[in-house]
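Please read the following walk through a protein model with the coordinates open beside the text. The route goes from the interior to the charged pairs.

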Amino acid sequence: MVRSAQSTTFSASAYFDDRGPHGTAQPITEYVHPHSRPIVSYFFPKGVGEYHYGERHPMKPHRLTLTNALVMGYGLDKQIHHIYNPRPATQAELEMYHDHDYVDFLSRVTPGNQNDMRHLIDTFNCVEDCPIFSDMYDFCRMYAGASLAGARKLCAGACDTAINWSGGLHHAKRGEASGFCYVNDIVLAILELLRYHPRVLYIDIDIHHGDGVELAFYHSNRVMTVSFHKYTGEFFPGTGKLDDNGANLGKHFCLNVPLQDGVDDEMYLTVFKTVIEDTVASFRPTSIVLQCGADSLGCDRLGAFNLSIAAHGECVNFVRKFNVPLLVLGGGGYTIKNVSRCWTYETAVLVGAEIPDELPATVYDPFFRDSEWKLHPPLTGHVENQNSAASLQKITIGIRSKLRYLQGAPSVAMQEIPPDLEGLLADEEKTVEEQDEEMGTAMAGERRSDRTTARNEYFDGENDVDAEPCSAVSTTTRRVPARRARGMGRRARGRTRSRAAAAAREVDGDEDGDENGAVASASASGRVAKSRTRRPRKPRGRAADKEKEKDKEKEKELTDLDLDLAAEAESGQEPMTPMDLDVDVS
């Protein structure tokens, strides 16, 4: 029962218009297959459309709420693989590009204290076009965080296309605001992409020149910027002429397509497809960032082109067909009902869904009443076309001449590491070889844990005593820290008057050529020499007894030598160097 004070109910209010003969689009009910390609992710920070620049300001974040309502109304959320409510960007993430003082100012300034911070407001250009409004810093963090999240998903391979209609604010500079833009989320996203992708192509179809992004990468050959915009020298921002090329390493990696008022669908699509196709063929990007400013549509509050929503969406579809990881962002657009329709249509293009011309029923129906709730209202023919076929041909020839200087895609072997990546590399765990290589010890990759065999090792069968890990001689005597001599002569090198060297020569002189003598002298140097020749037969009878006596005498001499070495160590004398002994193993 309806009370007398309630003459109408909510469902009968103006939120739901009676469309009469005009139809209503039914939402898509079929869900996308989870393993289908391309994988599309949709980023919409909750509450991003609730901010307000101020009365009569042309920038209306509410357009994002309208766009999201139409996307959900068409049922496109069922055709999107992943929908995210990303976290806001942190101050450290904003400072990957922007100056610390500027970010700190954005975090502190409010409408209540702006009079006390007037000098900083002028310094950071937060006047007129970029006013101070409530929760401005939170708004910047939200749309920047969404663009960064999309870039991370692309780098991780979690999606093929990332959509963030709240981003695309391309005018902001490193240390100041400009053109309704406070934080340049595009530059932050590209820096994130450069951590994984060697070459990033940035395409801007906003009616205003993307000066902030171009300036950030003006000296880089890893990012190519291509901007299609209106240029008269006076139209904001006043940059973006055809002759701008970039500088230093970035020379010829900055392309501008300046257009005049009234460009129509046919002319725009012709020059767009020609330039982008040649650019992709020459630059060979590994990822693309597409800024879809909707102020290039006809009938825009601040625009002067004659583009339709279908032509604007065809640009997006053309870029999508390159099958390169794609980050799609919003941008300008100041007739909010056309902006929301345009970005909704382009969302359908990116997911590969066909949607009808009738709009779905939403609580924002009154916004679209004058266009009879159509997705594609007539927007063209309202501005005289000042572009000619000859002028567009001149632009195309100029762009192609610049692309000839590229000589193939640039190498990234010696490029500067993007900000903060050095810290990440320092924090990751490194192997012992990598640590040695960084310390300059030249041991990286040379250590082996497997057992190796010396080149002079030979195994003569089961009766070979060398197969044992330690020889019988080494068990009775202490090894002397000596090294096998490089030459085969008897003359010792280094400390020739050393008693150890003299003892070694005396031992060698007793039995020249005898194998046992060679073994004894080798044990004095810490090694057992292996003969490369066939082992002689062992003596028998009396000869065997003589050989045993000689072995005992030599062992005694070696024991005396060890005692002498110990005495030298206790007396503080300099010990023998590894080159003090020269052993003849022939």
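The paragraphs below take up the nonpolar core, then one helix residue, and then the salt bridges.

This is a predicted model, in which local features need pLDDT of at least 70 and side-chain atom pairs count only at pLDDT 80 or more, whereas totals for chains, interfaces and linings use all residues. Residues are numbered from 1 along each chain as its sequence is written, and side-chain values use heavy atoms, with hydrogens and water left out.

In soluble globular proteins, nonpolar side chains tend to be buried together. Here the largest nonpolar core (a set of buried Ala, Val, Leu, Ile, Met, Phe, Trp, Tyr and Cys residues joined through side-chain atoms within 4.5 Å) has 133 residues, and those with the most contacts inside it include Phe105, Ile203, Phe228 and Phe272. Helix 5 (residues 136-156) gives the most to this core, with 13 residues; helices are DSSP runs of H or I with at least four residues, strands are runs of E with at least two, and both are numbered from the N terminus. Leaving aside neighbours within four places in sequence, Ile203 is in contact (heavy atoms within 4.5 Å) with residues among them Val226, Phe228, Phe272, Ile288 and Val319.

Ala216 lies in helix 7 (residues 211-216) and is partly exposed, with a relative accessible area of 26%, where buried means under 20%, exposed over 50% and partly exposed in between, using a 1.4 Å probe and protein chains only. Beyond its neighbours within four places in sequence, Ala216 is in contact with Tyr97 and Val187.

Side chains of opposite charge can pair when their charged atoms come close. A search of the whole structure finds 13 salt bridges, each being a side-chain nitrogen of Lys or Arg within 4 Å of a carboxyl oxygen of Asp or Glu. One of them joins Asp160 to Arg37, with the closest N and O atoms 2.6 Å apart; this pair links distant parts of the chain, since Asp160 is in the loop between helix 5 and strand 3 (161-164) and Arg37 in the segment before strand 1 (40-43), 123 residues apart. Arg37 is exposed, at 59% relative accessible area.

Arg152 and Glu93 also meet in a salt bridge (2.6 Å, N to O), with Arg152 in helix 5 and Glu93 in helix 2 (residues 91-94). Glu93 counts as buried at 11% relative accessibility, whereas Arg152 is partly exposed at 28%. Glu314 forms a salt bridge with Lys273, the closest N and O atoms being 3.3 Å apart; Glu314 lies in helix 9 (residues 309-320) and Lys273 in helix 8 (residues 265-283), so this pair ties together parts 41 residues apart in sequence.
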